[in-house]
Amino acid sequence: MNYLYLVKRTAIALLSIFIVVSVVFGVTTLLPGSAANIVLGTEATDAAIEQVNEDLGLDRPLPVQYVDFVGGVVTGDFGNSLISGQPVMEMVWPRLLRTLQLAAVAMLISVVAAIPLGIVAAAKRDTMVDHLVTSGSYVGLSIPSFVSATLLLLFLTTPPLDLFPKGGFVPLSDGVVPWLHHLLLPAIAMNTIILAYVLRQTRSSMVETLESDYIRTARLKGVAERNVLFKHGLRNGLLPTVTVLALNFGWMMGSVVIIEQIFAFPGIGELIVQAIDNRDLPVIQAGILVPTIAFIMANFAADIVYTLLDPRISLGDE
Amino acid sequence: MATDTSTSTESTGFDLPPIVGKVLSNRRIGLGLAILLPIALVAILGETVAPYDPTATHVADRYAGPGGQFLLGTDHLGRDLLSRVILGGRTSLLLGFGATALALLVGVPIGLTAGYAKGRVDELLMRIMDIIMSVPTLLLGLLILVVLPSNILNVVMAIGVVYAPRIARVTRSATLSVSEEEYVMAAKARGESSPYILFREILPNVTGPIVVEGSVRVGYAIMIGTSLSFLGLGAGPPNPDWGFMISTARDHIYQTPWFLIWPSVALLLTVMATNLIGDGLRDVLDPREVGDHS
């Protein structure tokens, strides 16, 4: 492990977080009247705007506000909700944990479903199976999550096929089955694009791997086809897929906003939409910053793990 | 992927660059265009081909099924679904193509500059792009539209900002490999200005990857745009796009599923067509070939 790399990568992660925090502060409070606009809508009177600015402490000097905001983020204090008066982090934290459970199940589905399908498609390249899987992945790749969610809800939660609950969340402590039963549909809906993407990624890296010399050697040596695929092929074909999964964490953090809204899932995405509807500024700030910081950390962790696995990788990517 | 490289090389009176033949004979591009062009044409013609005024309500015929007087049925206010899908398509396509155009306009110069200047400038510009990309796309779009009033221009701007860094990245890495070519060195030796070198010498030789990335982005831009409308932050009621239609349709799903199904199908087909075209272009204009044709 290269310590210089570790230090540099940590510095970049921290700097990114710092800048994102500053930008969110800037966009929501610095732009003329924007904070008051968020709270009051775009057609507020000047007097009302002044009042809101005073309430939010926006009449204080900018550097004071900025230090206050950044200090708040560092200590996990985003202030209180303008609607309920509750500390924002108390609202965000339990919801973030639920959203992470949803994301974890979604990730798991794409690994369990997409990777084997990709391998099969690669192994049966240019056959009917491959064409079916590949064209299926095209549909998956082209369906926005709000469409797949709405359609799944329409077809799988109403009488002829009443297989899943319409939404909501049941904690894991109430049992694995009801927990998973509630998570499965939103996880699939959120995942169609990533599933298709991982499938294609797996297929193309497997196709490449299966054409390589050492696979040919293994086959010539008479290694059983199943072993060729799963022992030799999988190990080498999988690394790019892992990267794709890590990068898609960001996509997931975006699509939960939609999915949670549709499935009435009490996670952070639903909180953001509610906060936007209520123009609850501190909650909006936290709702955007917390998943973003989580995403930066996830990328950081993925990079570190990757370096541990492959010491040749250095910082200057591409 | 060596599919469909059998280009028709017979002379057609005037000389097209061979790349045009390759593009036109690619099966994916052909299929994609066959889906996208009719949709785009109908969306552009809009009111001219729509059988009804998309805002006219026919109260007696609410929730009508497909067939009959209204080809695709009607919605909860008795408005003709076909006409609304047609007009909604105009907004959705405008969002997708407009945002991609903006992303190209912003991203390409940044990528060219970073890749050509290298060193500190490159590092700085690409770090900024990385940081923008570290905000999940939909959240960044939301953040922008929370501050700015939701109208079609701001939605285009928000999505353009979201995707510009991706365009910049692709442009930069293509520029890196081209900027050491002899013709660039020669232009530098002639004392040409930097803008001249960037736009006249380098840009024409990195169009392949840029076109591929741009074509892929169109589909994503349409998805993000309709997602934002779905959340009520899109172009808004005067221009109801497919996302807005789908979000309204959810409330009437048990009276008429068609209200939901038609805009969903239109959206799915459009995004699929742009994905097919993007993939086909990637096959034809393989990024690895950049700089080989000068």
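How many aromatic pairs does the structure hold over all chains? In this predicted model, the count is five. In one of them, the ring centres of A:Phe169 and A:Phe265 lie 5.3 Å apart with the planes at 75°, so the arrangement is edge-to-face. This pair links distant parts of the chain, the two residues being 96 residues apart. A:Phe169 belongs to the loop between α7 (145–156) and α8 (176–210) of chain A, while A:Phe265 belongs to the loop between α11 (239–262) and α12 (268–278) of chain A. Both phenylalanines, A:Phe169 and A:Phe265, are buried. Elsewhere, A:Phe25, A:Tyr66 and A:Phe69 come together as one aromatic cluster.

The setting for these residues is a chain with 13 helices and zero strands. Chain A has 318 residues, of which 48% are buried. Among its contacts with a separation of 6 or more, 74% are between residues 24 or more positions apart.

Chain A meets chain B through 47 residues of its own, in contact with 40 residues of chain B. Together the two chains bury about 3,900 Å², and 76% of this area is on carbon and sulfur atoms. A:Tyr138, A:Ser142 and A:Phe146 supply 16% of the area that chain A buries against chain B, more than any other three residues. Polar links are also present: three residue pairs are in polar contact between the chains, with both residues at pLDDT 80 or more. On the side of chain A that touches chain B, the elements giving two or more residues include α1 (3–30), α2 (34–40), α6 (128–141) and α13 (281–309) of chain A. The largest share of that side, nine residues, comes from α11(A).

Which salt bridge joins A:Arg200 to chain B? Its partner is B:Asp279, with the closest N and O atoms 2.8 Å apart, and one salt bridge is found across this interface. B:Asp279 lies in helix α11 (residues 257–284) of chain B and A:Arg200 in helix α8 of chain A, so the pair joins two chains. B:Asp279 is buried, with a relative accessible area of 11%, whereas A:Arg200 is partly exposed at 25%. A:Arg200 also takes part in a second arrangement, in which its charged end sits over the ring of A:Tyr138, 5.2 Å from the ring centre.

Over all chains, the salt bridges come to twelve. Within chain B, B:Arg217 is bridged to B:Glu213 at 3.0 Å between the closest N and O atoms. These two residues are four residues apart in helix α9 (residues 207–230) of chain B, so about one helical turn separates them; both are buried. The charged end of B:Arg217 also sits over the ring of B:Tyr220, 5.1 Å from its centre. Another bridge connects B:Arg190 with B:Glu201, the closest N and O atoms being 3.4 Å apart. Here B:Arg190 is in the loop between α7 and α8 (194–202) of chain B, and B:Glu201 is in helix α8 of chain B, eleven residues apart. B:Glu201 is buried, with a relative accessible area of 14%. In addition, B:Glu123, B:Arg127, B:Asp130 and B:Arg169 are linked in a network of salt bridges.

A final site in chain B is B:Ser179, located in the loop between α6 (152–178) and α7 (182–189) of chain B. B:Ser179 is buried, with a relative accessible area of 2%. Its side chain makes a polar contact of 3.0 Å with the side chain of B:Lys118. Not counting residues up to four places away in sequence, B:Ser179 touches several residues, among them B:Gly115, B:Tyr116 and B:Ile202.

Notes. Residues are numbered from 1 along each chain as its sequence is written. Chains are lettered from A and ligands numbered from 1 in the order in which they are written. This is a predicted model: local features need pLDDT of at least 70, side-chain atom pairs count only at pLDDT 80 or more; totals for chains, interfaces and linings use all residues. Side-chain values use heavy atoms; hydrogens and water are left out. Rings of Phe, Tyr and Trp (its six-membered ring) pair if their centres lie within 6.5 Å; planes under 30 degrees apart count as stacked, over 60 as edge-to-face and the rest as tilted. Buried means under 20% relative accessible area, exposed over 50%, partly exposed in between (1.4 Å probe, protein chains only). A charge sits over a ring if NZ of Lys or CZ of Arg is within 6 Å of the ring centre and within 35 degrees of the ring normal. Contact means heavy atoms within 4.5 Å. Buried area is the accessible area (1.4 Å probe) that two parts lose on being put together, summed over both. A salt bridge is a side-chain nitrogen of Lys or Arg within 4 Å of a carboxyl oxygen of Asp or Glu. A polar contact is a pair of N or O atoms within 3.5 Å; within protein, one must be able to donate a hydrogen and the other to accept it, and residues adjacent in sequence count only if both atoms are side-chain atoms.
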